[in-house]
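Welcome, and please open your viewer with side chains switched on. We will go from stop to stop, with something to select at each one.

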Amino acid sequence: MPRASRTINSRSARPIQLLLCLSLIGCHAADAPLPETTDEGPAPTPALSFQAQPTSGVLGTSFSLIWSAEALEQCQASEDWSGTREVSGNEAVTPSAPGTYRFQLSCSSTTAELSETVSIEVTAPPPTPVSASLTVAPDTVGVNQAATLIWTSQGATGCTASGGWSGSLAPSGSRSVLFNSPGAYPLILSCDGPGGSATDTRTLTVLPPPTLQLEASPQQGDAPLTLRLSWSSTDAQRCLASDDWSGERPTTGDEELLLDSPSSYRFSLSCEGLSGTLTQQQDVTVMDPNAEAKALFEARRRIRDSALP
């Protein structure tokens, strides 16, 4: 009787072979390999973040450009910046002039390319507030004596003089002025600029020539004589005594002197001011109280002497 045979079709032979290989230690490499498996998820999506901080500011502000790319390999800067950049970074920019600035960043890989653009607005700083300063040195002078005016300003394009002086002025400078009449002269400085205007005022005092009055009392008398000298002056800075008294004296005062010797005395006082010097003097006569008796005695002696043989 013929042996029965069993045929396994190709659809079911493969699982049987797999089971046999798993159960037997000696499966040979000639058998067909199994397909590989993986636990990784889907590939990340490319992304690009790009921003400016701050987005506006006055001239001189430092702006930060901040970017970060994901699943991208290289970046390129363009428009108001240029060159290759890392896929993430932070860069400071300080524009040199007012205006609108655009920064584009393009990042790419073998399968994707993304681009972002940010803008910053740079404005001019506000104008400097105008200030003005005027000094007068000295601030008190005599007639026809010069004083120096020095002025400075901030934020001004030009200045103007008025009052006791006049004309257009540079934003800073100096000038000498003099006046031939006594008085108080206002000196006004006005400066203007984009940030406004400012004014400063000073007063220059011009003194008249000094005045002086000197008195002596009494102007004559017997020795010893107590003499009182009194004086007063205006617009003088100092006074100086000379002749029969000496030394510096205040511009107004009085003084007592004891004159114990018969003689003729002269007392002079000179007072000096910014506009000149004035001098006055007083003459005082001190007599010998025994002068008459001495004269009578001398006369009698002469008569007696003439009567002698």
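Keep in mind that this is a predicted model. Let's begin with charged pairs: a search of the whole structure finds nine salt bridges.

**Stop 1: R238 and E272**

Select R238 and E272, which form a salt bridge whose closest N and O atoms are 3.4 Å apart. This pair links distant parts of the chain: R238 sits in strand β20 (residues 238-243) and E272 in strand β23 (residues 263-273), 34 residues apart. Switch on a surface if you like. R238 is partly exposed, at 40% relative accessibility, and E272 is partly exposed too, with a relative accessible area of 34%.

**Stop 2: R266 and D283**

Stay with strand β23 and pick R266. Its side chain meets that of D283 in a salt bridge, 2.7 Å from N to O. Here too, distant parts of the chain are linked: R266 belongs to β23 and D283 to strand β24 (residues 276-287), with their positions 17 residues apart in the numbering. R266 is partly exposed, with a relative accessible area of 36%, and D283 counts as partly exposed at 40%.

**Stop 3: R249 and E255**

Next, select R249 and E255, whose side chains meet in a salt bridge at 2.8 Å, N to O. Is R249 buried or exposed? With 14% relative accessibility, R249 counts as buried, because the cut-off for buried is under 20%.

**Stop 4: a charged network**

Now select R228, D254 and E256 together. These residues are linked in a network of salt bridges.

**Stop 5: the largest nonpolar core**

Time to leave the charges behind. Which residues touch the most other members of the largest nonpolar core? Select W165, L189 and L204: in this core of 22 residues, they are the ones. To see where the core comes from, color strands β9 (131-137), β11 (147-154), β12 (158-163), β15 (183-193) and β16 (196-207), each of which supplies at least two of its residues. β15 gives the most, with four residues.

Zoom in on L204 and show its surroundings. Leaving aside residues up to four places away in sequence, L204 touches V136, P138, D139, T140, V141 and A147. Its other contacts are V177, F179, G183, A184, Y185 and L187.

**Stop 6: a second core**

For the last selection, choose L227, C239, F267 and L269. They are among the members of a second, separate core, which has 20 residues.

Methods: Residues numbered from 1 in each chain as written. Predicted model: local features only at pLDDT ≥ 70, side-chain atom pairs only at ≥ 80, totals over all residues. Heavy atoms only, no water. Core = buried A, V, L, I, M, F, W, Y, C linked by side-chain atoms within 4.5 Å. Buried < 20%, exposed > 50% of the residue type's maximum accessible area, 1.4 Å probe, protein only. Contact = heavy atoms within 4.5 Å. Salt bridge = Lys/Arg side-chain N within 4 Å of Asp/Glu carboxyl O.
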